[in-house]
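Student: I would like to learn how to read the contacts in a protein and DNA assembly. Could we take them one at a time?

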There are 2 protein chains.
Amino acid sequence: MSEQSSEMEIVHLLRKVTVEFGLRQAEFASRNGMHPTDVRALICLLDAERAGTDATAGWLGAQLGLNSAGTTAVIDRLEGLGHLTRTRDPRDRRRVLLAVDPRAVELGWAFFGPLIENTVTVLRDFDESETEAVRRFLSAAHQAVTAIA
Amino acid sequence: MSEQSSEMEIVHLLRKVTVEFGLRQAEFASRNGMHPTDVRALICLLDAERAGTDATAGWLGAQLGLNSAGTTAVIDRLEGLGHLTRTRDPRDRRRVLLAVDPRAVELGWAFFGPLIENTVTVLRDFDESETEAVRRFLSAAHQAVTAIA
DNA sequence: CTCTATTATCTCGCTGAGCGAGATAATATC
DNA sequence: GATATTATCTCGCTCAGCGAGATAATAGAG
């Protein structure tokens, strides 16, 4: 029963990280008067910003797996807290572009910063082939996890 | 702006995996008439079983970050779907022990099996030092993510 | 061995996240 | 210019999860 392949052990480890990370997200959310979905929304928006893609309401809803009504509600909440700004897209005035307020980013760093820095510090002690192995593994995992959709 | 350290790239990759995994969980949940929390509950219970620890209602609630009322509701739902069995602990009859039904495990494998097998397959091509690097990284990440609690 | 304190779970009533259906407004097509 | 399509929002509803408190079993003090 406790006979586990080394590979499965790693898969379980990865899953534990994802589960635990979800709990921290929820904690961060409730501490700042938000809900887990709101935090995930902010993460998606920051990813979009980093990637240079326009973040519209509909796009966000698709990312979060919400319908349009739910998406509007998330955006209303985040806008109400001042974490977000709505702007009508001048090129296509049906669309609403979303921009994260810098304060929201700071809030996130205050909570997740230590976690991120810890992780980065660990990686500094890895040699090139080791970081490369981690990157390869995570890329594969990411691909595997998106492939079922 | 697109100047990113190699370490941060890996952190973002890990985060993307966790976010994406959360979406798959939600998808699996709704496909089987459940909610994300129910799926997370099953995962926790299977972990407990694997570790050989008793899974009580209160323990589960703590794992999920729910209060007792919410915990009872989750258990009621899962029991109603036949994914779970309640048993009064004979040693301490205040406690309720939870056991996952084998059918629920099969259901999970049908959905997540391909994902897991893909990931395991990737790892088979890694040599010992590489798997060791992945394990070390994930352990560190797990520790970092639990440390903020 | 009873009385009280503690622990584990459950019940009740309520708030609000997210859904379905449909309204509104801007753009695209013919 | 009439119609179809796309993007977002509004309304009413369901149900997950919360707070407060009930219930039942165990532990401890006298």
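Tutor: Let us begin with the term polar contact, which is a pair of N or O atoms within 3.5 Å. In this predicted model, a polar side-chain atom of Thr72(B) lies 3.5 Å from a phosphate oxygen of DNA strand C.

Student: What is the distance from a phosphate oxygen of DNA strand C to an N or O atom in the side chain of Arg86(B)?

Tutor: That distance is 2.8 Å for Arg86(B), while for Val96(B) a backbone N or O atom lies 3.0 Å from a phosphate oxygen of the strand. Of the strand C atoms within 4 Å of the protein, 69% belong to sugar or phosphate, and the rest belong to bases.

Student: Which residues come nearest to DNA strand C?

Tutor: Of the 21 residues around the strand, His35(A), Thr37(A), Gly58(B), Ser68(B) and Arg86(B) come nearest; the surface near the strand divides into 6 nonpolar, 8 polar and 7 charged residues.

Student: How many residues does each chain bring to the contact between chain A and chain B?

Tutor: A residue is counted when heavy atoms lie within 4.5 Å, and here chain A and chain B bring 54 residues each. The two chains bury about 5,500 Å² between them, with 73% of it on carbon and sulfur atoms.

Student: How many salt bridges does the rule find across this interface?

Tutor: A salt bridge pairs a side-chain nitrogen of Lys or Arg with a carboxyl oxygen of Asp or Glu within 4 Å. The rule finds 8 of them across the interface of chain A and chain B, and the side chains of Arg136(A) and Glu130(B) meet in a salt bridge at 3.3 Å, N to O.

Notes: Residues are numbered from 1 along each chain as its sequence is written. Chains are lettered from A and ligands numbered from 1 in the order in which they are written. This is a predicted model: local features need pLDDT of at least 70, side-chain atom pairs count only at pLDDT 80 or more; totals for chains, interfaces and linings use all residues. Side-chain values use heavy atoms; hydrogens and water are left out. Buried area is the accessible area (1.4 Å probe) that two parts lose on being put together, summed over both. A residue is near a molecule or strand if one of its heavy atoms lies within 4 Å of it. A polar contact is a pair of N or O atoms within 3.5 Å; within protein, one must be able to donate a hydrogen and the other to accept it, and residues adjacent in sequence count only if both atoms are side-chain atoms. Ala, Val, Leu, Ile, Met, Phe, Trp, Tyr, Cys and Pro count as nonpolar, Asp, Glu, Lys and Arg as charged, and the others, Gly among them, as polar.
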